Structure formats: structure tokens, C-alpha cells
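Me: Here is a two-chain structure I would like to go through with you. Could you tell me what stands behind the words people use for it?

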Amino acid sequence: MLRQLLADHRVLAARKLADAVPLDQALDESLRRLLIVLAEPVVRRRLPAGPKSADNIEWLRRNAGSHAGRWVALADGELLAADESLAALRRKLQQFAPHVEPLLHRL
Amino acid sequence: MLHRPDGSVFASGRSRFFDEAPGHPSETASVHVQVKFGGIRVLAMLDTGASWSVLSADLADELGLFDGDGEPMTVSSRIGTVQGRLVRAKTTLVADDGDALDVDSTVFVSRQWPAGNFIGYTGLLERIRFAIDPQDNAFIFGGL
């Protein structure tokens with residue numbers, strides 16, 4: 001019943017039904033997984049703001065055409081690395097800029 | 001920051017958004033905001049009409065979201081009908097000013113998904129207050 005409601009995108013009805021089954025009392029593992037994804041989102045914490053994005057935005061506006069089809073990594077408006085593979089890009093970043101949290105985007 | 005009529009804070013964070021997907025020009029404007037999925041900072045299109053938030057297949061793969069548990073799901077969209085799974089993931093709404101927000105959210109992942117990242121209402125935005133200021137390309141947000 002729950003799965004059918006979810007498949008029909010009747011999420012509110014599914015949640016109302018799920019409220020009758022506390023997560024810690026759901027012994028069936030597949031039911032537990034369903035209850036987890038059905039749960040409302042939860043705002044866990046507030047964090048300080050990160051680096052300003054304006055410079056990265058400006059780089060993307062100016063250079064979107066120059067790395068078509070590739071993933072790029074940007075920080076402070078500078079290109080750190082580019083690669084066709086996201087996994088390979090992240091390996092490069094781990095090697096050369098492990099403490100930077102760049103913006104990654106596939107052009 | 002914005003405030004509600006009773007004086008309480010409406011939003012706690014603010015960031016700049018793109019009004020098109022960089023590298024993927026379109027005839028219509030859209031809102032692309034900065035988020036982190038599993039700690040990886042990317043752009044995601046804001047789509048309140050989307051049933052669920054969706055991750056690009058590359059990103060979902062890199063985060064290992066195809067390897068774990070999740071609820072099988074079929075999603076119909078403008079792009080087509082796609083089979084995948086709903087999974088629980090940590091999403092961060094990134095802030096240029098004020099506070100970023102960490103949200104335990106439900107997202108849809110599929111190896112068949114041909115497009116980029118979307119943040120949708122169910123499973124994420126439904127517990128977020130948010131507003132758009134097109135004059136400054138500002139995305140303003142706060143948790144309920």
C-alpha cells in the first residue's frame with residue numbers, strides 16, 4: 001500500500017500512512033528503507049557561509065564554451081583543473097588542491 | 001535578510017544563482033543554485049515542479065549512491081520516464097552570506113538520468129523557506 005502510494009506520487013498520503021509505523025518498530029528491512037526515504041527532509045544545522053561565488057560565476061560566463069563536455073573545478077574565479085571524468089577530476093584535486101572546496105560543473 | 005510579518009527571520013542564508021545552465025544555453029531563463037551533495041559543490045536547477053531532487057548520474061556514481069540501499073522508483077519528467085531509486089542524502093544549501101543549511105533529504109538517482117542536477121520540492125524544499133530576487137540573482141533561504 002505504501003509503495004503503491006509512493007509510486008503514484010501520493011507522498012502526503014504515504015507519509016500519513018507511514019506515521020502509523022514508527023521507524024524503530026519496523027522490523028522488515030525493506031520497510032525501514034522505505035520509511036527512511038519517505039520521511040520529511042530535516043534541516044540539521046546551520047553553517048557559516050563559504051567563499052563568495054561571484055568570481056566563479058563570472059568565470060563560467062566567460063569560459064563556458066572553452067571546455068565543452070568537460071568537468072571543471074573552480075575556486076576564487078580560477079580554474080583549478082578540468083577533465084572529462086568527474087572521478088578523474090576529483091583525483092587530480094585531491095593530489096594538487098586537497099584543502100580547497102571548489103565548485104565542480106560539467107560544461 | 002528577509003523577515004516574516006511577525007518579525008521572525010524568514011531566511012538565514014543568501015547566494016548568487018545563475019539564470020541559465022553554464023555551457024548549456026537555453027531560450028528560457030532558469031534558476032541554478034549552488035548546493036553540495038555529499039560534500040561536493042555543484043550547481044542544481046531549482047525546480048519546484050520536480051517530484052524529487054535528482055542528481056546527475058556522474059555525481060551519484062561518484063558519491064556511491066548506486067551501491068547502497070534505496071527505494072526503487074520510476075520518475076516521469078520532461079526528459080522521459082526513468083527508473084532509479086530514492087535514497088537519503090545530505091544536501092547543503094550553500095551561502096555566500098549568512099548561514100548555509102545542511103539538510104537530510106531524499107533524492108532520486110538513476111544511471112539512466114541524462115541531465116544535470118535538480119533540487120525539487122518533495123524531499124528537500126518542502127522544509128525550506130526560499131525566495132528569489134531576480135534583480136540581484138539572489139537565492140535567499142532558511143530552514144523551517
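Reply: Happy to; below, each term is set against its definition. This is a predicted model, in which local features need pLDDT of at least 70 and side-chain atom pairs count only at pLDDT 80 or more, while totals for chains, interfaces and linings use all residues. Residues are numbered from 1 along each chain as its sequence is written, and chains are lettered from A and ligands numbered from 1 in the order in which they are written.

Me: Let's start with overall form. Why does the radius of gyration of chain B agree with that of a compact globule?

Reply: The radius is taken over C-alpha atoms, and the globule rule is 2.2 Å times the number of residues to the power 0.38. For 144 residues the rule gives a value near 15 Å, and chain B has 15 Å, so the two agree. Its C-alpha atoms fill a box of roughly 45 × 35 × 25 Å along the principal axes.

Me: And what does chain A show against the rule?

Reply: Here the numbers part company: a compact globule of 107 residues would come out near 13 Å, but chain A has 21 Å. The box for its C-alpha atoms is roughly 50 × 30 × 25 Å along the principal axes. The domain assignment of chain A, automatic or from a database, gives domain 1 (2-38) and domain 2 (54-106). The C-alpha centres of these two domains lie 39 Å apart.

Me: What makes a stretch count as a helix or a strand?

Reply: Both are DSSP runs numbered from the N terminus: H or I over at least four residues for a helix, E over at least two for a strand. By that count chain A has five helices and four strands, in the order α-α-α-β-α-β-β-α-β from the N terminus. Chain B has one helix and ten strands, and its pattern reads β-β-β-β-α-β-β-β-β-β-β.

Me: Why is β3(B) called mostly covered?

Reply: A residue is buried if 20 or more other C-beta atoms, placed from the backbone, lie within 10 Å of its own, exposed if 12 or fewer do, and partly exposed in between. Six of the seven residues of β3(B) are buried, hence the wording. Over whole chains, buried residues make up 51% of chain B and 24% of chain A.

Me: How do you know which strands β3(B) pairs with?

Reply: Two strands pair if DSSP finds at least two bridges between them. Strand β2 (residues 32-37) of chain B joins β3(B) over six bridges, antiparallel, with B:K36 bridging to B:R41. Two residues lie between the strands of that hairpin, where B:G38 takes a positive phi near 55°. Strand β8 (residues 118-119) of chain B has two bridges to β3(B) and runs parallel; B:L46 has B:I119 as its bridge partner.

Me: Which strands pair between the two chains?

Reply: Strand β1 (residues 42-48) of chain A and β7(B) do, antiparallel, with six bridges. One of the partner pairs is A:R45 with B:D102.

Me: What makes two residues a contact, and how many residues does each chain give to the contact between the chains?

Reply: Two residues are in contact if their C-beta atoms, placed from the backbone, lie within 7 Å. On that basis chain B gives 43 residues and chain A gives 36. Among the elements that give two or more residues to the chain B side are β3 (40-46), β6 (81-93) and β7 (97-109). The most, ten residues, comes from β7(B).

Me: What makes a set of residues a nonpolar core, and which members touch the most others in the largest one?

Reply: Such a core is a set of buried Ala, Val, Leu, Ile, Met, Phe, Trp, Tyr and Cys residues joined through C-beta atoms within 7 Å. The largest has 65 residues, and B:V35, B:A44, B:V54, B:L55, B:L93, B:V107 and B:F108 touch the most other members. Its largest share, six residues, comes from β7(B). At least three residues come from each of the two domains of chain A. Beyond its neighbours within four places in sequence, B:V54 contacts B:V107, B:F108, B:W113, B:N117 and B:F118.

Me: What do the buried residues of α3(A) pack against?

Reply: In this helix (residues 29-38), A:L34, A:L35, A:V37 and A:L38 are buried. The buried residues of α3(A) pack against α1 (2-7) and α2 (11-18) of chain A, together with β5, β6 and β7 of chain B.
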